[in-house]
Amino acid sequence: MFIPDKTYCDALVEECSDVIKKDFNIDGYDISCYYHNNIDYSSMHYYQAYELDGLTFIKNKSFVWDRYLMTQKLYYLNENDLVNANDLSDGQIVNVTEIVEGETFIFIKLPNGRIIPKTKMSFDDDVCSEVKRISKENRDLRILVSGCMKNKLQPIFKYHNNNITLIAVRTATGEYADLKNVDFNIMKSITYEIDDDKSNIEYWIDYSKEKENFIGWVLYFNDRMIKLNTKWFKIKQKKSS
């Protein structure tokens, strides 16, 4: 798993027009956010830009750039060669979580100790305003965020219709923690016990054809992650388009 530093991201902005950088100054601290704007798969793979989906850097008091991860770019099953069903047939699924509807956001900690929310490329949009309001009222959310930060973990959330859902927790080196081990009184993405019958892609493809009133899943293999929507959700999307 390649986690780029700020020097790499800045060079990528100069070289690839589909990579966007946005600079901020909050409480006197310099912040840079990076995002890939409709970058095609070949360029994504060539530049290894999977993490540039809201990747954020804050200059600390020692003038070193602290990094905050969001979720990496994920592709749907059969969307490209990386997530081809035939190539995944021999792979073992080690974890599964539900796909949660909503806007992705994280919390970052400024050098002065203030903790604030951010979406992929904003600190002051409507989602950030709602998250600030909710976090003031939700002590469990504040405890989770501060506890993760003390242990150098990055919790990642979705906001939708006044609800906040924990969808992932990542380490400083990018690994994803098992949400079943996150024991806090807060709504979190459904996770599944993976036995031998559920550890192959064929099981989930078959299940996606019959599961209703459900968006889909993120499937974690040992060497990659993919998204899989249910047939029900695909039909719903076509009807609404």
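In the predicted model, a side-chain oxygen of Asp5 lies within 3.4 Å of the backbone nitrogen of Thr7 at the start of helix 1. Helix 1 spans residues 6-15, and its buried residues are Lys6, Cys9 and Leu12. Viewed along the helix axis, these buried residues fall within an arc of 120°, and they therefore line one face of helix 1. This arrangement can be read against the general geometry of such helices: an α-helix has 3.6 residues a turn, so residues three or four places apart point the same way. Thr7, Glu14 and Glu15, on the other side of helix 1, are exposed. The cover over the buried residues of helix 1 includes strand 1 (19-26) and strand 2 (29-36), together with helix 2 (41-47), strand 3 (53-59) and strand 4 (65-68).

The largest nonpolar core comprises 31 residues, of which Trp204, Trp217, Leu219 and Ile226 touch the most other members. Two or more residues each are given to this core by helix 1, helix 2, strand 3, helix 3 (85-88), strand 6 (93-98), helix 6 (201-210), strand 11 (216-221) and strand 12 (225-229). Strand 11 gives the most, with three residues.

Contacts of Leu219 were examined further. When residues up to four places away in sequence are not counted, Leu219 touches Ile93, Asn95, Val96, Ile201, Trp204, Arg224, Met225, Ile226 and Leu228. A second core, separate from the largest one, contains 26 residues, including Ile58, Tyr68, Ile116 and Ile156. In soluble globular proteins, nonpolar side chains tend to be buried together.

Note on methods: Residues numbered from 1 in each chain as written. Predicted model: local features only at pLDDT ≥ 70, side-chain atom pairs only at ≥ 80, totals over all residues. Heavy atoms only, no water. Buried < 20%, exposed > 50% of the residue type's maximum accessible area, 1.4 Å probe, protein only. Helix = DSSP H or I, 4+ residues; strand = E, 2+ residues; numbered from the N terminus. Arc of directions from axis to C-beta. Contact = heavy atoms within 4.5 Å. Polar contact = N/O pair within 3.5 Å; in protein donor to acceptor, adjacent residues only side chain to side chain. Core = buried A, V, L, I, M, F, W, Y, C linked by side-chain atoms within 4.5 Å.
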